[in-house]
Amino acid sequence: MIMPLTSTRISPDWPCQVKSPGSFDWERSAAKWLRELIPARYASYPALIRHPVLLARHAQIQVQQEIRVARTALQTARAELPVLGLPESVIEHTIKMYAAEVMQLQHIARSVRAVSEALAGRCAGR
């Protein structure tokens with residue numbers, strides 16, 4: 001069943017790789033995008049393949065964990081990287097890299113949340 005597009009508003013965080021909710025095959029495009037966010041070994045589990053809302057939940061947990069890792073790396077870089085003998089320029093570049101990664105992951109987390117909510121709405125409507 002295809003939902004009418006007239007009442008569907010897409011969040012600014014909606015990923016461009018995922019078709020609009022209610023459009024033909026949008027759930028498949030959502031599942032494909034979500035599988036790209038989780039480790040490959042999880043992407044083949046039958047439960048995650050058959051239930052996109054479960055896949056979305058796992059992707060949310062995965063991205064939140066990645067945010068924690070990037071924040072930890074950022075918070076500890078200035079103290080721990082000099083001990084490894086890295087030059088200051090490399091340390092500064094690394095800190096900027098981690099900060100950019102945290103921002104990117106936060107955006108991905110918002111996108112996953114938007115897709116999750118749309119998938120959950122689809123499941124609730126059954």
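## A guided tour from the Glu-92 salt bridge to the nonpolar core

Begin by selecting Glu-92 and Arg-78: a salt bridge joins them, with the closest N and O atoms 2.5 Å apart. Glu-92 belongs to helix 5 and Arg-78 to helix 4, so this pair ties together parts that are 14 residues apart in sequence. The model on display is a predicted one. Glu-92 counts as partly exposed, at 27% relative accessibility, and Arg-78 is also partly exposed, at 47%. Add Glu-88 to the selection: salt bridges with shared partners join Arg-78, Glu-88 and Glu-92 into one network.

**The surface patch**

Select next Leu-84, Leu-86 and Val-90. These residues form a nonpolar patch on the surface, and together they have about 250 Å² of accessible area. Val-90 is located in helix 5. The relative accessibility of Val-90 is 33%, so this residue counts as partly exposed.

**The remaining salt bridges on the tour**

The count of salt bridges in the model comes to 5. For another of them, display the side chains of Arg-110 and Asp-13, which meet at 3.3 Å, N to O. Which parts of the chain does this pair tie together? Arg-110 lies in helix 5 and Asp-13 in the segment before helix 1, so the bridge ties together parts that are 97 residues apart in sequence. Colouring by accessibility distinguishes the two partners: Arg-110 is partly exposed at 33%, whereas Asp-13 is buried at 19%, the cut-off for buried being under 20% relative accessible area.

Then move to Arg-28 and Asp-25, whose side chains form a salt bridge of 3.0 Å, N to O. Is Arg-28 buried or exposed? With a relative accessibility of 58%, Arg-28 counts as exposed, while Asp-25 is partly exposed, with a relative accessible area of 26%.

**The segment before helix 1**

Select Gln-17, which is placed in the segment before helix 1. Gln-17 has a relative accessible area of 48% and is partly exposed. Leaving out residues up to four places away in sequence, Gln-17 touches Ser-29 and Trp-33. A distance monitor between the C-alpha atoms of Gln-17 and Ser-29 should read 7.1 Å, although these residues are 12 apart along the chain.

Continue to Val-18. Which residues does Val-18 contact, leaving aside neighbours within four places in sequence? They are Trp-26, Ser-29, Ala-30, Trp-33 and Val-115. Ser-29 and Trp-33 thus appear in the contacts of Gln-17 and in those of Val-18.

**The nonpolar core**

Val-18 leads into the largest nonpolar core, which has 26 residues. To view its most connected members, select Trp-14, Val-18, Trp-26, Trp-33, Leu-34, Val-112 and Val-115, which touch the most other members. Show the helices as ribbons: helix 1 (26-35), helix 4 (52-80) and helix 5 (88-124) each supply at least two residues of this core. Which helix gives the most to the core? Helix 5 does, with 9 residues. As general background, nonpolar side chains tend to be buried together in soluble globular proteins.

**A last stop in helix 5**

End the tour at Ser-116, which has its place in helix 5. At 10% relative accessibility, Ser-116 counts as buried. Apart from residues up to four places away in sequence, Ser-116 touches Ala-56 and Gln-60. Select these residues with Ser-116 to complete the view.

Notes:
Residues are numbered from 1 along each chain as its sequence is written. This is a predicted model: local features need pLDDT of at least 70, side-chain atom pairs count only at pLDDT 80 or more; totals for chains, interfaces and linings use all residues. Side-chain values use heavy atoms; hydrogens and water are left out. A nonpolar core is a set of buried Ala, Val, Leu, Ile, Met, Phe, Trp, Tyr and Cys residues joined through side-chain atoms within 4.5 Å. Buried means under 20% relative accessible area, exposed over 50%, partly exposed in between (1.4 Å probe, protein chains only). Helices (H or I, at least four residues) and strands (E, at least two) are DSSP runs, numbered from the N terminus. Contact means heavy atoms within 4.5 Å. A salt bridge is a side-chain nitrogen of Lys or Arg within 4 Å of a carboxyl oxygen of Asp or Glu. Patches are made of residues with over 30% relative accessible area and no salt bridge: like charges are joined within 9 Å, nonpolar side chains (Val, Leu, Ile, Met, Phe, Trp, Tyr) within 5 Å. Accessible areas come from the Shrake-Rupley method with a 1.4 Å probe; for residues, only the protein chains shown count as cover.
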